[in-house]
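Colleague: I should like to go through this structure with you before I return to the bench. Could we start with the charged side chains and then move to other topics?

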Protein chains: 2
Amino acid sequence: MTDPISSNFQVNYRYEVHFTHGVFHSDNPLLRTLLSRENLPIRTLAAVDEGLARSRPLLSDEIVRYCLPFSDRIHVVVLQAGESNKNTIEGLHELYRLIAQKGICRHSFILAVGGGALLDLVGFAAATAHRGVRLIRIPTTTLSQADSGVGVKNGMNFEGKKNFIGSFAPPFAVVNDFEMLATLPDLVKRSGYAEAVKVGLIRDRFFFDEIEAAAPELTRFEPQSLQWIIRRCAEGHANHIASGGDPFETGSSRPLDFGHWSAHKLETMSQFRLSHGEAVAIGIAIDVAYSVRIGLLDEDSAERIFAVLEKLGFSLCASELSGMDVLLGGLEDFREHLGGELTIMLLEEIGTATEVHAIDCAKMKSAIRFLRRRQTGAPRPRRSI
Amino acid sequence: MTDPISSNFQVNYRYEVHFTHGVFHSDNPLLRTLLSRENLPIRTLAAVDEGLARSRPLLSDEIVRYCLPFSDRIHVVVLQAGESNKNTIEGLHELYRLIAQKGICRHSFILAVGGGALLDLVGFAAATAHRGVRLIRIPTTTLSQADSGVGVKNGMNFEGKKNFIGSFAPPFAVVNDFEMLATLPDLVKRSGYAEAVKVGLIRDRFFFDEIEAAAPELTRFEPQSLQWIIRRCAEGHANHIASGGDPFETGSSRPLDFGHWSAHKLETMSQFRLSHGEAVAIGIAIDVAYSVRIGLLDEDSAERIFAVLEKLGFSLCASELSGMDVLLGGLEDFREHLGGELTIMLLEEIGTATEVHAIDCAKMKSAIRFLRRRQTGAPRPRRSI
C-alpha cells in the first residue's frame, strides 16, 4: 500500500520556422498547406496587431480572402498593440470570449499576426483556452522574427512585473514574412539587431564578426541584410532551445537572457518608453562593462562590442541609468523570475559566455557610471573602460 | 534562405504519487524529503481549501510548524473552496499577488491542499506564475485522490464553461494523505467511487468485479476499502496518462472521459448542486444505456453496472435530465473542448471501451428517458433497458 506510484513520460515537440514573402497573397501556398494538413473542417481565429492593421488597412480583408476558400470559419480580430496590452486582462478575456463564440477548439488554429507583445498575449490565450489551441505565429517585426516569435514562451505582465504570468507552449508553426518588415519605422527595424548581437556574443563569434562587417548595410536596413540577420539569429535561438538541454527552463542557466536582467528592469522603469531592443542593447553594454571590471573580458573586445552596437544605431545609455539602486533591484527580480540561484551570463570573450552566481554591486555601479560618462562625453578615468 | 528551420525536442516528465497518513505530523518525513531534495533555501506557499480549514481548524498551524524548521519562508493562505471559486479570477489574482509578495520562484513550492476544484485553481496559478512554479498536490477528497489530483491538468471556468481555461502541467509530486478523508461527509467520500467504476468499465474488468464485491464495505466507507479503491483508481489513472500515448491530449481519443460529456453539462445545468462524482455516475449510466440501445453492450451487463452504482449510493437520475435538448448540447461542448472530431467512448463489455464519432440523438434521448422512468418507477417498456 505504501509504495509510491511512479509516472514517467516523454512529450515530443516539433515545429518549423518558415520564411516567406507575402504570406497572405493568394498565390502563396505556405499557410494553406500548414492549415490544411489534416482532413478536418478548418476554423481559424486571426488576431492582428492594431499598429500593423493601421499601416496595412487591407490586411484583415486579405486574411479573410486567403483563408475563406479552404475554411469552415475565419474570423479576424484587431487587438491593441504594444506592451501595455499585456498589463490588463481585458485583451485576454476578449480572446477567450471569441474562442468560445467562434467555436475554436484544440484542433482549430489561432494566427497571431504582430510584434512580440501581441505574440505574447495571443500565445498565452491560445495556450490556456481549452488547455491549448494550435498557434501559428506570424511575427511582423525584426525583433520577433529573429527572437521571441521563434521560441516557446508567451507572457503577460502582472501588477508591474513583466511576463510574471505565462507558460512554455511550443507553437504549431512560425511563419516569418519578410514583406511585413517593409512598413516598419526604422526604430522598430533596428530593435532586432540587439538580440542578434547577443546571439553572436554568447555562442557564435563568427556571427558577431559578420554583423560587424555588415553594419553599414544593416544601418541602411537593406532588405537582404535584414533577412540574413533574422535568419541567422532565429537559427541560433531555435537551436539553443532544441539543443540546449532545458527548453522549458527548469534549471537556472539562461544563456539567451544575457543582458536581460537590466533590460527588463529598464523597460519597466521607463514605462516601456524604451523598446525591448533598445533596453537589451544597454543591458548588453552594462554586462560587457561589468565583465571587464571583474577581469573576465579584455577592454579591446568590450570597445569593439560597444562600437558595433553604436554603429547599428543604439544608444548605450538612458536616463534610467541614474536610478542605480532601483536598477540593481532588477537582479533580484531576475533571480526570482527564473528561480533558484542567481545566475547571470557574462562574457569571457566574444562568442564565449560564462555563468556567475554573485554580482559585486560596487563594480556593477562602476560599470553603469562608465556608460553614463561615456554618453555625456565626460572625461574618462584613467582606465579606459 | 527559404528552407524552414526545424525545431525538435523532447521533454521528460516524472512525478510520484505518494500515499501516507498524517502528512503534516512532525514525525512524518515524506513531505520534508520532497521539499528539501535540493540544497536550496526552501520557500513554500500553501493554499488550503476553506472547507477543509473549517473542519480542521489547526491545519494551517500544523503546516507552518511542519515546514518552519527546514524552510526559508512558509506562508499559508486559506482559499474559498468549491467549483464556484473557479468562476472568477479573484482567487487566481490573490494567488499571483502572494507568489510575487512572498518571493516564490520557479524553484520554490506551492502546496495545494484540498479537493479537486481547489487543486484545479491553485494548479493553474502555479503553472502560469513565472511560467511554472513547482506544485505539490495534497488532494483531500476520495475523488481528487483517486482521479484528478493524480493527473496532469488544471483548470478554471470561464463565463459558464467548465474548465474552459487551463493547461497541462505535471505536478512536482502528489501526496495522498488518507487521514484527510476521516472528516469528509459521506456524500464527498462517495464521490470518488464513480471515477473508480469508470476506470473498471473502460479498462479493467477485474477491478470492476472487485468493486462489485467490495460494495458493502465501500458503502460503509470502511477505511481499508476506501484506501484500496483510491490506490487502484489512482494507479489506473496515472498508468493511462503515462502509457496511453497522448498525455497532453493532442489527439481526439479520451478514454478517461467516459461518461463525462453529459456529466460536465449536468454539473453546469445544476449550477454545481450535483457534485462531479454524482454527475459522473449519471453520465456513466446514460452512456451505458445508450451502448445497449445501439446494440453494443448486452442488457445484463448494463443492469449489473446500474446495480453497482446504486449499491454504492448513487442516484442514476436528476431533475436536469428533463432538459434533454440542453443536455444534448453537451455533446458539442465536449467536442469543442477536446477538439477535432466528436469522439465518445462507449462500452462493448465491462472492461472494454470503444470509440464512436457520431451519436444517434433519438436513441440517446431514449436512453435518458429510460433512466428517468427507472427512477420514478414508471412502468418499463417491453425492452427492459
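Colleague: Is A:Arg232 buried or exposed?
Modeller: This is a predicted model. In it, A:Arg232 counts as buried, because its relative accessibility is 18% and the limit for buried is under 20%.

Colleague: Which residue forms a salt bridge with A:Arg232?
Modeller: The partner is A:Glu210, and the closest N and O atoms are 2.8 Å apart. A:Glu210 lies in helix α8 (residues 205-219) and A:Arg232 in helix α9 (residues 223-243) of chain A, so the pair ties together parts that are 22 residues apart in sequence.

Colleague: And is A:Glu210 buried or exposed?
Modeller: A:Glu210 falls in between: at 22% relative accessibility, this residue counts as partly exposed.

Colleague: Why would such side chains pair?
Modeller: Side chains of opposite charge can pair when their charged atoms come close.

Colleague: How many salt bridges does the structure hold?
Modeller: There are 46 over all chains. One of them links A:Arg254 and A:Glu249, with an N to O distance of 3.1 Å. Both A:Arg254 and A:Glu249 are buried.

Colleague: What does B:Glu159 pair with?
Modeller: B:Glu159 forms a salt bridge with A:Arg97, and their closest N and O atoms are 2.9 Å apart. B:Glu159 sits in the loop between β6 (156-158) and β7 (161-165) of chain B, whereas A:Arg97 belongs to helix α4 (residues 90-101) of chain A, so this pair joins two chains. A:Arg97 is partly exposed, with a relative accessible area of 33%.

Colleague: Which residues are linked in a network of salt bridges?
Modeller: A:Arg106, B:Lys153, B:Glu249 and B:Arg254 are linked in such a network.

Colleague: Which residues form the negative surface patch?
Modeller: A:Asp298, A:Asp300, A:Glu348 and A:Glu349 form that patch. A:Asp300 is found in helix α12 (residues 299-311) of chain A, and A:Asp300 counts as exposed because its relative accessibility is 62%.

Colleague: Now to the cysteines. How many disulfides are there?
Modeller: A search of the whole structure finds 0 over all chains. A:Cys67, for instance, is in no disulfide, and the nearest cysteine sulfur, that of A:Cys105, is 16 Å away. A:Cys67 is buried, with a relative accessible area of 0%.

Colleague: Why is there no bond for B:Cys67?
Modeller: The closest cysteine sulfur, in B:Cys105, is 16 Å from the sulfur of B:Cys67, which is too far for a bond; a disulfide requires the two sulfur atoms to be within 2.5 Å. B:Cys67 also counts as buried, at 0% relative accessibility.

Colleague: Let us return to helix α4 of chain A. Where does A:Ile99 stand, buried or exposed?
Modeller: A:Ile99, which lies in that helix, is buried, with a relative accessible area of 0%. A:Ile99 and A:Val133 are 34 residues apart in sequence and 9.3 Å apart in space, C-alpha to C-alpha.

Colleague: One last topic, the backbone. What is the phi of A:Arg131?
Modeller: A:Arg131 has a positive phi of about 60 degrees, although this residue is not a glycine. Most residues other than glycine have a negative phi. A:Arg131 is placed in the loop between α5 (116-128) and β5 (134-139) of chain A, and A:Arg131 counts as buried at 9% relative accessibility.

Colleague: And what of the phi of B:Phe272?
Modeller: Phi of B:Phe272 is near 65 degrees, again a positive value in a residue other than glycine. B:Phe272 lies in the loop between α10 (260-269) and α11 (276-293) of chain B, and B:Phe272 is partly exposed, with a relative accessible area of 25%.

Key:
Residues numbered from 1 in each chain as written. Chains lettered and ligands numbered in written order. Predicted model: local features only at pLDDT ≥ 70, side-chain atom pairs only at ≥ 80, totals over all residues. Heavy atoms only, no water. Patch = residues over 30% accessible without salt bridge, like charges linked within 9 Å, V, L, I, M, F, W, Y side chains within 5 Å. Areas by Shrake-Rupley, 256 points an atom, 1.4 Å probe, with all protein chains shown as cover. Salt bridge = Lys/Arg side-chain N within 4 Å of Asp/Glu carboxyl O. Lys, Arg positive; Asp, Glu negative; His and termini not counted. Charge placed at Lys NZ, Arg CZ, Asp CG, Glu CD. Helix = DSSP H or I, 4+ residues; strand = E, 2+ residues; numbered from the N terminus. Buried < 20%, exposed > 50% of the residue type's maximum accessible area, 1.4 Å probe, protein only.
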